[in-house]
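Me: I am new to this structure. Could you show me how to read its features, one by one?
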Amino acid sequence: MKKLGRNDPCWCQSGRKYKSCHMAFDEKIQQYELQGHMVPTHDMLKTREQVQGIKESSKINIAVLDYVAEHIRIGMSTEEIDHLVYEKTTQMGGIPAPLGYDGFPKSVCTSLNEQVCHGIPSEKDILKDGDIVNVDVSTIYQGYFSDSSRMFMLGDVAPETRKLVETARKCLDIGLEQVKPWNFLGDMAQAINDFAKANGYSIVREIGGHGVGLEFHEEPFVSYVTSRGTEMLMVPGMVFTIEPMVNMGKADIVIDDENGWTVYAEDGKPSAQWEITVAVTEDGYEILTW
Ligand code: MF3
Ligand code: CO
């Protein structure tokens with residue numbers, strides 16, 4: 001990081017002098033770094049204008065998920081969900097971020113039952129009574145990325161599966177309580193992991209959340225199985241997803257070796273995930289995408 005002089009213009013583009021803008025802030029971060037903590041770089045901190053851009057993108061993302069919620073039904077294929085997402089996103093002027101991302105063939109991820117994430121919509125996958133499905137939507141709008149997902153329960157879902165879905169939803173609130181400046185990502189992770197474990201569930205280790213906004217996936221990687229006081233320091237301006245994958249059985253996963261994408265719970269038990277995007281603010285958090 002380039003060392004700024006006291007009277008240089010601040011890196012945050014406020015137009016103010018460094019000494020009366022972010023100098024004390026940077027010094028505080030540096031103290032944590034000297035103590036051996038991971039700290040964010042300036043390029044991980046979004047300006048007000050960038051947060052505004054992400055919020056505009058989020059409006060589409062949220063509307064798309066609302067649209068899916070209105071239309072999803074038993075007998076529909078996950079391919080039809082893909083069409084709903086493509087139609088609504090493009091009609092609102094957005095681009096579905098998954099489409100063509102690393103070769104991903106569809107506009108959305110649809111992960112059924114024991115599928116943990118990255119399920120590929122298909123006309124062969126028909127939603128049936130008792131299914132649970134995660135619909136993971138990501139939008140690009142005017143260069144800004146938004147990312148969130150919800151679970152949908154179809155018809156008569158077994159009580160134990162329903163509880164899994166509800167617990168995965170509650171994990172977000174438990175995690176959010178830990179999102180504030182000068183906490184660590186590990187504080188959030190441990191709170192979520194402890195809560196999931198107390199309910200008899202396990203959290204996937206290998207896949208987690210991420211910074212988001214100017215790119216689909218930015219640093220840092222956000223784990224939900226690490227410990228309090230570890231991982232990156234949270235500071236105002238950071239924007240990342242909270243998206244723990246909660247397994248009813250063991251945490252172990254396998255990736256579909258035919259399509260290279262779909263992630264399954266190795267033991268074949270159901271898995272649930274909700275995802276939101278949050279910004280760290282001066283005194284806590286703001287949910288940007290839900
Ligand atoms: N939306 C997923 C996430 O939360 C990313 C899916 S990558 C894709 O990170 F290519 F499958 F879309
Ligand atoms: Co994400």
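Reply: We will go through pockets, the ligand, a helix, buried side chains and unusual backbone spots. Keep in mind that this is a predicted model.

Me: Start with open space. How much space lies in the largest pocket?
Reply: The largest pocket holds about 810 Å³. It is lined by 27 residues, and those closest to its centre are His22, Lys46, Thr47, Arg48 and Gly237.

Me: Which elements give two or more residues to that lining?
Reply: Helix H2 (48-71) and strand S14 (276-280) do. H2 supplies the largest share, 6 residues.

Me: How do the lining residues of the largest pocket divide by character?
Reply: There are 10 nonpolar, 9 polar and 8 charged residues.

Me: Now closed space. How many cavities of 30 Å³ or more are there?
Reply: The count is 1. The largest cavity has a volume of about 30 Å³. Its lining consists of Met44, Lys46, Gly211, Glu218, Glu219, Pro220, Met238 and Val239. Strand S8 (residues 218-222) gives the largest share, 3 residues. By character, the cavity lining has 4 nonpolar, 1 polar and 3 charged residues.

Me: Pro220 is in that list. What is the form of the peptide bond from Glu219 to Pro220?
Reply: First the general idea. Most peptide bonds are trans. The bond from Glu219 to Pro220 is cis, with omega near 0 degrees. Pro220 sits in strand S8.

Me: What about phi? Which sign should I expect?
Reply: Most residues other than glycine have a negative phi. Two cases here have a positive value. Asp102 has phi near 55 degrees, and His118 has phi near 60 degrees.

Me: Where are Asp102 and His118?
Reply: Both are in loops. Asp102 lies between strand S1 (95-96) and strand S2 (109-112). His118 lies between strand S3 (115-117) and S4.

Me: Are Asp102 and His118 buried or exposed?
Reply: Exposed means over 50% relative accessible area. Asp102 has 66% relative accessibility, so Asp102 counts as exposed. His118 has 26%, so His118 counts as partly exposed.

Me: Next, the ligand. Which residues come nearest to ligand 1?
Reply: There are 14 residues around ligand 1, and Pro98, Tyr101, Asp136, His217 and Glu243 come nearest.

Me: Which polar side-chain atoms should I look for beside ligand 1?
Reply: Look for oxygen atoms of the ligand and the side chains beside them. A polar side-chain atom of Glu243 is 2.9 Å from a ligand 1 oxygen. For Glu275 the distance to an oxygen of ligand 1 is 3.2 Å. Asp147 has a side-chain N or O atom 3.2 Å from an oxygen of ligand 1.

Me: On to helices. Why does the length of helix H4 agree with its residue count?
Reply: Each residue adds 1.5 Å, so the 18 residues of H4 (residues 159-176) should span 26 Å, and the end C-alpha atoms are indeed 26 Å apart. Buried residues of H4 include Leu164, Val165, Ala168 and Leu172.

Me: Last, burial in strands. Why does Arg150 count as buried?
Reply: Buried means under 20% relative accessible area. Arg150 has 13%, so Arg150 counts as buried. Arg150 belongs to strand S5 (residues 144-153). Its side chain makes a polar contact of 2.9 Å with the side chain of Asp66.

Me: And why does Val133 count as buried?
Reply: Val133 has 0% relative accessibility, so Val133 counts as buried. Val133 is in strand S4 (residues 132-141). Its C-alpha atom is 7.9 Å from that of Ala272, although the two are 139 residues apart along the chain.

Methods
Residues are numbered from 1 along each chain as its sequence is written. Chains are lettered from A and ligands numbered from 1 in the order in which they are written. This is a predicted model: local features need pLDDT of at least 70, side-chain atom pairs count only at pLDDT 80 or more; totals for chains, interfaces and linings use all residues. Side-chain values use heavy atoms; hydrogens and water are left out. On a 1 Å grid over the protein atoms alone, a cavity is a set of points where a 1.4 Å probe fits but cannot get out, and a pocket is an open set with protein on both sides within 12 Å along at least five of seven lines; lining residues have an atom within 4 Å of a point. Grid points are joined across faces, edges and corners, and a volume is the space filled by probe spheres set on the points. Helices (H or I, at least four residues) and strands (E, at least two) are DSSP runs, numbered from the N terminus. Ala, Val, Leu, Ile, Met, Phe, Trp, Tyr, Cys and Pro count as nonpolar, Asp, Glu, Lys and Arg as charged, and the others, Gly among them, as polar. The expected span of a helix is 1.5 Å times one less than its number of residues. Buried means under 20% relative accessible area, exposed over 50%, partly exposed in between (1.4 Å probe, protein chains only). A residue is near a molecule or strand if one of its heavy atoms lies within 4 Å of it. A polar contact is a pair of N or O atoms within 3.5 Å; within protein, one must be able to donate a hydrogen and the other to accept it, and residues adjacent in sequence count only if both atoms are side-chain atoms.
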